[in-house]
Amino acid sequence: MIAERVAEVRERIDAACARAGRDPAGVTLVAVTKTFPPDVVQAAAEAGLRDFGENRVQELVAKSEAVPGEAMGGQVRWHLIGPLQRNKAREAAARADLFHALDDVRTAEALDRRAEAAGRVLSCLVQVNVSGEGSKSGVPPAEAHALLERVAAFPRLRIEGLMTMAAFVTTADELERVVRPQFRHLREVAEAWPKDHPAVQLHHLSMGMSGDYEVAVEEGATLVRVGTALFGERT
């Protein structure tokens, strides 16, 4: 069942790339396994998935013990995609292969210190709140470049791009009227960043989930975070 769902999602990504004139090789499918047990991760890996996402550090720790990521010498990549409490920075810095939700300097300081202690450099994305919703984390788009400049100074953090979550919608019309402009806005924020910046090159746009990843791909996403479309509804 997982293999069939993986194939369907990849087909949809390929079709979205074709509509946008993009190479599908430029889009990474991140399978969001939150609340699912480690055996689901293993089955998904056997179905060809290599990138897995968790919202909470506790789940990342448990599942990376069962299925180690590159940071621990394994073959998969673990993405920490949810907001981080600073008291969890040690585990995040040691185990995450890519942290998607960096949105303040104090968290950057904690991660930089813990990454140094772990003897590694942690790849990060800066989270931008393009929807303007108070329930979502991230800096406002107008403040994204200022935060990028500040976190660029941390030697144990490698800033690789931007992440966002669009507003939740339920209709195709809303996808076009509400969500597409939000994803486009994130791309524009990235495009306005200096290409020759000495410390930060924005290679990635992490945007799109099960309900809107095709629009995200059409608007330039390089990482799509898909859970329900791969594993079904969470209980």
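## A partly exposed histidine

H185 has a relative accessible area of 34%, so it counts as partly exposed, a class that lies between the limits of 20% for buried and 50% for exposed. The structure is a predicted model, and H185 is found in its helix α7. The C-alpha atom of H185 lies 8.1 Å from that of P141, although 44 residues separate H185 and P141 along the chain.

## The chain as a whole

The protein chain contains nine helices and eight strands. Along the principal axes, its C-alpha atoms fill a box of roughly 40 × 40 × 30 Å. The radius of gyration is 17 Å, which agrees with the value near 18 Å that a compact globule of 235 residues would have.

Of the 235 residues in the protein chain, 49% are buried. Among contacts with a separation of 6 or more, 63% join residues 24 or more positions apart.

## Strand β1 and its partners

Strand β1 spans residues 28–32. Four of its five residues are buried, so β1 is largely enclosed by the rest of the structure.

β1 has parallel pairings with β8 and with β2. With strand β8 (residues 223–226), the parallel pairing has four bridges, and L29 has V224 in β8 as its bridge partner. With β2, the parallel pairing has three bridges, and here V30 is matched with D51. β1 and β2 also belong, together with α2, to a right-handed β-α-β unit.

## Helix α2

Helix α2 covers residues 38–46, and V40, V41 and A44 are buried in it. Viewed down the axis of α2, these buried residues fall within an arc of 105 degrees, so they line one face of the helix. An α-helix has 3.6 residues a turn, so residues three or four places apart point the same way.

The buried residues of α2 pack against α1 (2–20), β2, α3, β3 and α9 (228–231). The face turned away from this buried side carries D39 and E46, which are exposed. Just after α2 comes G48, with a positive phi of about 105 degrees.

## Strands β2, β3 and β4

Strand β2 (residues 51–54) pairs with β3 in the parallel sense, over four bridges. D51 of β2 stands opposite R77 in β3. D51 is also the bridge partner of V30, so this residue of β2 appears in the pairings with both β1 and β3. A right-handed β-α-β unit is made by β2, helix α3 (residues 57–66) and β3.

Strand β3 comprises residues 77–80, and both of its faces are covered. R77 and H79 are buried on one side, while W78 and L80 are buried on the other. In a regular strand the side chains alternate between the two faces of the sheet.

β3 also pairs in the parallel sense with strand β4 (residues 98–102), over two bridges. In that pairing H79 has L98 as its bridge partner in β4. Helix α4 (residues 89–95) forms a right-handed β-α-β unit with β3 and β4.

## Helix α6

Helix α6 runs over residues 144–151, and its buried residues are A144, L147, L148 and V151. They cover an arc of only 105 degrees around the axis, which puts them on the same side of α6.

Several elements cover the buried residues of α6, including β4 and α5 (105–118). β5 (122–127), β6 (157–163) and α7 (172–191) are also among them. Helix α7 is the one in which H185 is found.

## Cysteines

Which class, buried or exposed, does C17 belong to? Its relative accessibility is 0%, so C17 counts as buried. C124 likewise has a relative accessible area of 0%, and so it is buried.

A disulfide is a covalent bond between the sulfur atoms of two cysteines. How many disulfides does a search of the whole structure find? The search finds zero.

Definitions and conventions: Residues are numbered from 1 along each chain as its sequence is written. This is a predicted model: local features need pLDDT of at least 70, side-chain atom pairs count only at pLDDT 80 or more; totals for chains, interfaces and linings use all residues. Side-chain values use heavy atoms; hydrogens and water are left out. A disulfide is a pair of cysteine sulfur atoms within 2.5 Å. Buried means under 20% relative accessible area, exposed over 50%, partly exposed in between (1.4 Å probe, protein chains only). Two strands pair if DSSP finds at least two bridges between them. A crossover is right-handed if, with the strands pointing away from the viewer, the path from the first strand over the helix to the second runs clockwise. The arc is that of the directions from the helix axis to the C-beta atoms. Contact means heavy atoms within 4.5 Å. The radius of gyration is taken over C-alpha atoms; the globule rule is 2.2 Å times the number of residues to the power 0.38.
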